[in-house]
Amino acid sequence: MEAAGPPTQPPAPHPLVAPLSFLLGKWRGEGEGTFPSIAPFRYGEEILFSHHPSKPVISYTQRTWKAASGDPMHAESGYWRPRPDGSVEVVIAQSTGLTEVQTGSYDSEKKTVTLQSELIGNAAKVKQITRAFQVVDGELSYVVQMATITNSLQPHLKALLKRI
């Protein structure tokens with residue numbers, strides 16, 4: 001029987017992705033949502049941030065399910081493009097048909113990312129979306145705020161996830 005060699009380290013991320021490497025991996029947890037036009041709700045969630053070292057981009061997928069029943073709720077996917085100046089560009093397509101182009105900034109020391117919508121497509125009612133992510137003690141938390149034609153910018157979703 002042949003002895004296994006030393007464990008291999010995963011390849012280093014692309015230099016532009018390296019400052020956001022704190023996001024890479026699969027995360028799972030729970031969240032809650034609220035907005036004036038809907039009843040409050042709880043959900044389970046899984047997010048995957050993946051990356052190929054040859055590309056300066058992070059692939060993003062997210063899915064949620066009803067906390068009580070496990071029935072599917074929402075899904076979205078897209079790409080995060082970190083820029084050398086500390087900014088980040090994000091494009092997201094939601095399962096509802098809504099699309100987002102967001103820009104923002106990151107702080108690799110504080111492990112934070114803040115995003116602001118630049119363009120929201122295929123959305124008659126949604127006017128603005130912000131997203132704020134933070135990793136603390138190995139846990140990823142986020143807050144999504146939303147503004148509609150009838151409601152000003154306010155919290156809509158928040159969640160806490162652990163790397164799995």
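Q: Why is E76 called buried?
A: Buried means under 20% relative accessible area, exposed means over 50%, and partly exposed is anything in between (1.4 Å probe, protein chains only). E76 comes out at 6%, so it falls under the 20% cut-off and gets the label buried. Keep in mind that this is a predicted model, where local features need pLDDT of at least 70, side-chain atom pairs count only at pLDDT 80 or more, and totals for chains, interfaces and linings use all residues. Residues are numbered from 1 along each chain as its sequence is written, and side-chain values use heavy atoms, with hydrogens and water left out.

Q: What makes the stretch that holds E76 a strand?
A: Strands are DSSP runs of E with at least two residues, helices are runs of H or I with at least four, and both are numbered from the N terminus. E76 sits in β4, which covers residues 72-82.

Q: What makes the link between the side chains of E76 and R131 a polar contact?
A: You need a pair of N or O atoms within 3.5 Å; within protein, one must be able to donate a hydrogen and the other to accept it, and residues adjacent in sequence count only if both atoms are side-chain atoms. E76 and R131 are joined at 2.8 Å, so the pair passes the 3.5 Å limit. The E76 side chain has a polar contact with the side chain of H74 too, at 2.9 Å.

Q: How do you know which residues E76 touches?
A: Contact means heavy atoms within 4.5 Å. Leaving out residues up to four places away in sequence, E76 touches Y60, T61, Q62, I92, A93, Q94 and R131.

Q: What makes a set of residues the pocket that H74 and Q94 help to line?
A: Picture a 1 Å grid over the protein atoms alone: a cavity is a set of points where a 1.4 Å probe fits but cannot get out, whereas a pocket is an open set with protein on both sides within 12 Å along at least five of seven lines, and lining residues have an atom within 4 Å of a point. For the largest pocket that gives 31 lining residues, with H74, Q94, M146, H156 and L157 nearest its centre. At least two lining residues come from each of β2, β3, β4, β8, β9 and β10.

Q: How do you get a volume for the largest pocket?
A: Grid points are joined across faces, edges and corners, and the volume is the space filled by probe spheres set on those points. Here that space is about 680 Å³.

Q: What makes L23 part of a nonpolar core?
A: A nonpolar core is a set of buried Ala, Val, Leu, Ile, Met, Phe, Trp, Tyr and Cys residues joined through side-chain atoms within 4.5 Å. The largest one has 32 residues, and L23, F49, W80, V113 and L140 touch the most other members. Elements giving two or more residues to this core include β1 (25-35), β5 (87-94) and β7 (112-121). Setting aside neighbours within four places in sequence, L23 is in contact with F49, W80, V113, V135, L140 and R163.

Q: Why is D85 called exposed?
A: Its relative accessibility is 63%, so D85 lands over the 50% mark. D85 is in the loop between β4 and β5, and its side chain makes a polar contact with that of S87 at 2.5 Å.

Q: Why do A12 and H14 get opposite labels, buried or exposed?
A: A12 has 59% relative accessibility, so it counts as exposed, while H14 has 18% and counts as buried. A12 lies in the segment before β1, and so does H14. H14 touches H51, P53, S54, K55 and P56, not counting residues up to four places away in sequence.

Q: Why is K111 called partly exposed?
A: Its 34% relative accessible area is in between the two cut-offs, so K111 is neither buried nor exposed. K111 has a positive phi of about 55 degrees although it is not a glycine, and it lies in the loop between β6 (99-107) and β7.

Q: How do you know where the domain is?
A: An unreviewed UniProt entry lists residues 17-163 for "domain: THAP4-like heme-binding"; positions are given in the numbering used here, feature names are shortened, and annotations may be inferred rather than shown by experiment. Over residues 17-163 the chain is 0% helix and 69% strand.
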